[in-house]
Amino acid sequence: MPPLAAPGVGAQDGPASPSPSCTAWLAAQQRGEGRLYRVDAATSQVRIHVFRAGRLAKAGHNHVIGVERLTGQVFVPNDGIAGAGVELAFRLDDLAIDKPEWRAPLGPEFASTPSASDVAGTRANLLKAVDGDRFPIIAMRSTAVAGAFPVLALQLAVDWHGHTRTLQVPVRVTRPSGDAGHTALRTQGALVLRQSDFGITPFSVLGGLLAIQDDLTVDVDVSASPVASCAAG
């Protein structure tokens, strides 16, 4: 499978074109078959949890990484789930790391408070480990949808680090009520990204005495608003 386009995330030298999926969903909306929504980054929340490992794990920190510039779109058919879909993307160099208000609710395993230098070091190590200069974007797109509203099962193709892997992701979708033309859509779910599945060797130092676990857990809470056009970047 070829790498996925990153919806609404432009290259550094210019804006991207609307994705083929969004163009098709917009056409379906214009035919009266459903509603197109664009992700609202300000009211959406994606948290990636990174866990320490190794014999010296207690010397390190678990981390909470936040996606603050999520882009993408969602299509919801008028009836049933046929044709429903979602695509999302974010840049790794836009990630925020270890904000205290993210760590505090997670309990004792996240009770430590990384210093500013700790956070800077985490960012540098993260981008180096995942080759963020060469592969700056993580993109996701549904390739199949099962279930029934409000509980759906997405078959999600994830493109990261030059590899594409397909995950099964359960989500709960709160469909708009009342005037759908002015009401936001909300989608919540969770998934696991295993770094080695994408050709990434998890970060480690001292011969593995201090490292991070392969599995990253991701909590997703996406809000999207109805739109009449596709974003170009």
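**Exercise 1. Place Pro 18 in the chain and state whether it is buried or exposed, or in between.**

Solution. Begin with the position: Pro 18 is found in the segment before helix 1 (20-30), where helices (H or I, at least four residues) and strands (E, at least two) are DSSP runs, numbered from the N terminus. Residues are numbered from 1 along each chain as its sequence is written. The model is predicted, so that local features need pLDDT of at least 70 and side-chain atom pairs count only at pLDDT 80 or more, while totals for chains, interfaces and linings use all residues; side-chain values use heavy atoms, with hydrogens and water left out.

Next, take the accessibility: Pro 18 has a relative accessible area of 35% and is therefore partly exposed, given that buried means under 20% relative accessible area, exposed over 50%, and partly exposed in between (1.4 Å probe, protein chains only). Finally, look along the chain: Pro 18 and Ser 229 are 211 residues apart, and their C-alpha atoms are separated by 9.3 Å.

**Exercise 2. Describe the surroundings of Ser 44.**

Solution. First, locate the residue: Ser 44 belongs to the loop between strand 1 (34-39) and strand 2 (45-50). Second, with a relative accessible area of 12%, Ser 44 is buried. Third, consider its contacts (heavy atoms within 4.5 Å): apart from neighbours within four places in sequence, Ser 44 is in contact with Val 39, Leu 70, Asp 221, Val 222 and Ser 223. Fourth, the side chain of Ser 44 reaches the backbone oxygen of Asp 40 at 2.8 Å.

**Exercise 3. Find which residues touch the most other members of the largest nonpolar core.**

Solution. Start from the meaning of the term: a nonpolar core is a set of buried Ala, Val, Leu, Ile, Met, Phe, Trp, Tyr and Cys residues joined through side-chain atoms within 4.5 Å. The largest such core has 39 residues, and those touching the most other members are Ile 48, Leu 70, Phe 90, Val 158, Trp 160 and Leu 193. Then follow Phe 90, which touches, among others, Ile 48, Val 67, Leu 70, Leu 95 and Met 140, when residues up to four places away in sequence are not counted. A second, separate core of eight residues includes Trp 25, Leu 26, Ala 28 and Leu 36.

**Exercise 4. Work out the strand order of the open sheet of three strands, and which strands stand at its edges.**

Solution. Two strands pair if DSSP finds at least two bridges between them. The three strands of this open sheet come in the order 3-13-12, with antiparallel pairing. Strand 3 (52-53) and strand 12 (204-205) stand at the edges, because each has a single partner strand, and one side of each is left without a neighbour in the sheet. Strand 3 is joined to strand 13 (residues 210-212) by two bridges, the two running antiparallel, and Ala 53 has Ala 211 in strand 13 as its bridge partner.

**Exercise 5. Trace the pairings of strand 8 and then examine Ser 142 within it.**

Solution. On one hand, strand 8 (residues 137-148) pairs with strand 6 (residues 85-91) in the antiparallel sense over five bridges, and Arg 91 has Ile 137 as its bridge partner in strand 8. On the other hand, nine bridges join strand 8 to strand 9 (residues 151-160), again antiparallel, and a hairpin connects strand 8 to strand 9 through two residues. Pro 150 lies in the loop between these strands, and a cis peptide bond joins it to Phe 149, with omega about 10 degrees.

Turn now to Ser 142, which is found in strand 8 and counts as buried at 12% relative accessibility. Leaving out residues up to four places away in sequence, Ser 142 touches Ala 84, Gly 85, Val 86, Gln 155 and Leu 156. A polar atom of the Ser 142 side chain lies 2.9 Å from the backbone nitrogen of Val 86.

**Exercise 6. Describe Asp 98 and Asp 131 by phi, place and accessibility.**

Solution. Most residues other than glycine have a negative phi. Asp 98, although not a glycine, has a positive phi of about 55 degrees, and Asp 131 likewise has a positive phi of about 55 degrees. As for place, Asp 98 is in the loop between strand 7 (96-97) and helix 2 (100-103), whereas Asp 131 lies in the loop between helix 3 (116-129) and strand 8. As for accessibility, Asp 98 is buried with a relative accessible area of 5%, while Asp 131 counts as partly exposed at 23%.

Terms used. A polar contact is a pair of N or O atoms within 3.5 Å; within protein, one must be able to donate a hydrogen and the other to accept it, and residues adjacent in sequence count only if both atoms are side-chain atoms.
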